[in-house]
Amino acid sequence: MSLRKAYLLIFLVLIVDQLSKIYVKTNFTLDYPDNEVKIFDWFRIHFIENEGMAWGTKIPGEYGKLILTVFRIFAVFGIGYWLADSVKKRHSTYLIVAIALIFAGAAGNIIDSVFYGVIFDDSHGKLATIFSPEPYGTWFHGLVVDMFYFPIWKGQLPEWFPYWGGEEVSFFNAIFNVADVAISTGVGILLVFNKRAFPKTA
């Protein structure tokens with residue numbers, strides 16, 4: 001796979017990711033019920049914002065968000081080098097596609113973290129506007145927009161179930177975005193097609 005095709009894949013993922021985030025950010029508020037549209041019982045568009053780590057995890061402290069954003073930027077440079085090197089060495093298409101998807105997903109969420117705090121205003125109680133004169137944050141302190149929610153099943157687990165027995169749970173509880181899907185797909189390719197992505201050399 002050529003580097004040009006890898007760049008095209010990255011560009012397409014970034015366009016879909018950012019268009020979906022901008023649409024949700026400017027058409028939903030963070031307040032119930034205006035934060036959600038039910039497509040099916042098991043699929044909803046549900047607008048939330050987070051610091052950008054998986055499952056809403058935060059790095060504590062005043063500079064936690066800045067540290068996370070800077071770390072991600074360095075990580076993306078590393079992934080970019082891995083991509084270019086893999087193409088140069090004519091590695092497996094499985095590997096190159098996986099790296100390109102991971103790169104695109106990481107870059108998509110970095111865009112939110114770096115820029116959204118200074119180009120959008122707040123989404124509480126009103127629709128956000130883009131290029132607002134009163135942004136909600138500062139550079140490198142933007143919040144990542146998530147929207148895909150699949151509450152496929154909700155109910156009470158039986159008492160004999162380990163650890164969560166008797167509790168009310170829902171599956172699938174995570175809310176995510178296109179960038180997250182790209183990262184997960186890339187990692188999935190590396191796991192499922194490991195032997196093809198990393199073929200043994202004689």
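In which helix is the place of Asp-112? The residue sits in helix H3, and the legends below return to it after an overview of the predicted model.

**Figure 1. Overview of the predicted protein chain.** The secondary structure comprises five helices and six strands. Read from the N terminus, these elements follow the order α-β-β-α-α-β-β-β-β-α-α. Taken along the principal axes, the box filled by the C-alpha atoms is roughly 60 × 55 × 35 Å. The chain has 202 residues, of which 41% count as buried. Its accessible surface amounts to about 12,400 Å², and carbon and sulfur atoms contribute 68% of that area. Among contacts with a separation of 6 or more, 65% join residues that are 24 or more positions apart.

**Figure 2. Confidence along the chain.** The mean pLDDT is 92, and 95% of the residues reach 70 or more. Among the elements, helix H1 has the highest mean, 98, while strand E5, covering residues 168-171, has the lowest, 83. Where pLDDT is low, the coordinates of a prediction should not be read in detail.

**Figure 3. Packing of helix H1 against helix H2.** Helix H1 spans residues 3-27 and helix H2 spans residues 64-88. The two pack at an angle of about 145°, and their axes are 10 Å apart. On the H1 side the contact involves Leu-3, Ala-6 and Ile-10, which meet Leu-83, Ala-84 and Val-87 of H2. Six residues of this contact are nonpolar, with no polar and no charged residues among them.

**Figure 4. The stacked ring pair Trp-42 and Phe-150.** The chain holds 14 aromatic pairs. In the pair shown here, the ring centres of Trp-42 and Phe-150 are 6.3 Å apart and the planes meet at 20°, so the pair counts as stacked. The two residues come from distant parts of the chain, 108 residues apart. Trp-42 belongs to the loop between strand E1 (36-40) and strand E2 (43-50), whereas Phe-150 belongs to the loop between strand E3 (144-149) and strand E4 (153-156). Trp-42 is partly exposed, at a relative accessible area of 44%. Phe-150 is also partly exposed, at 22% relative accessibility.

**Figure 5. The tilted ring pair Tyr-94 and Phe-193.** The ring centres of Tyr-94 and Phe-193 lie 5.1 Å apart with their planes at 35°, so this pair is classed as tilted. Tyr-94 is part of helix H3 (residues 93-119), and Phe-193 is in the loop between helix H4 (178-192) and helix H5 (194-197), so the pair ties together parts that are 99 residues apart in sequence. Tyr-94 is partly exposed, with a relative accessible area of 31%. For Phe-193, likewise partly exposed, the value is 33%.

**Figure 6. An aromatic cluster.** One cluster is formed by Phe-40, Trp-42, Phe-43, Phe-148, Phe-150, Phe-171, Phe-172 and Phe-176. Among its members are Trp-42 and Phe-150, the two residues of the stacked pair.

**Figure 7. Surroundings of Asp-112 in helix H3.** At 0% relative accessibility, Asp-112 is buried. Beyond its neighbours within four places in sequence, Asp-112 is in contact with Gln-18, Lys-21, Gly-117, Gly-142, Leu-143, Val-144 and Val-145. One of these partners, Val-144, is 32 residues away from Asp-112 in sequence, yet the C-alpha atoms of the two are 5.2 Å apart.

**Figure 8. Surroundings of Asn-35 in the loop between H1 and E1.** Asn-35 has a relative accessibility of 7% and counts as buried. Residues up to four places away in sequence aside, Asn-35 touches Phe-28, Thr-29, Leu-30, Ile-45, His-46 and Phe-47.

**Figure 9. Surroundings of His-124 in the loop between H3 and E3.** His-124 is partly exposed, with a relative accessible area of 47%. When residues up to four places away in sequence are left out, His-124 touches Leu-30 and Asp-31. Leu-30 is also touched by Asn-35. The C-alpha atoms of His-124 and Asn-50 are separated by 14 Å, and the two residues lie 74 residues apart along the chain.

Note on methods:
Residues numbered from 1 in each chain as written. Predicted model: local features only at pLDDT ≥ 70, side-chain atom pairs only at ≥ 80, totals over all residues. Heavy atoms only, no water. Axes fitted to C-alpha atoms, helices over the stretch in contact; angles between N-to-C directions. Helix = DSSP H or I, 4+ residues; strand = E, 2+ residues; numbered from the N terminus. Contact = heavy atoms within 4.5 Å. Nonpolar A, V, L, I, M, F, W, Y, C, P; charged D, E, K, R; others polar. Phe/Tyr/Trp six-rings, centres within 6.5 Å; stacked < 30°, edge-to-face > 60°. Buried < 20%, exposed > 50% of the residue type's maximum accessible area, 1.4 Å probe, protein only. Areas by Shrake-Rupley, 256 points an atom, 1.4 Å probe, with all protein chains shown as cover. pLDDT = per-residue confidence, 0-100.
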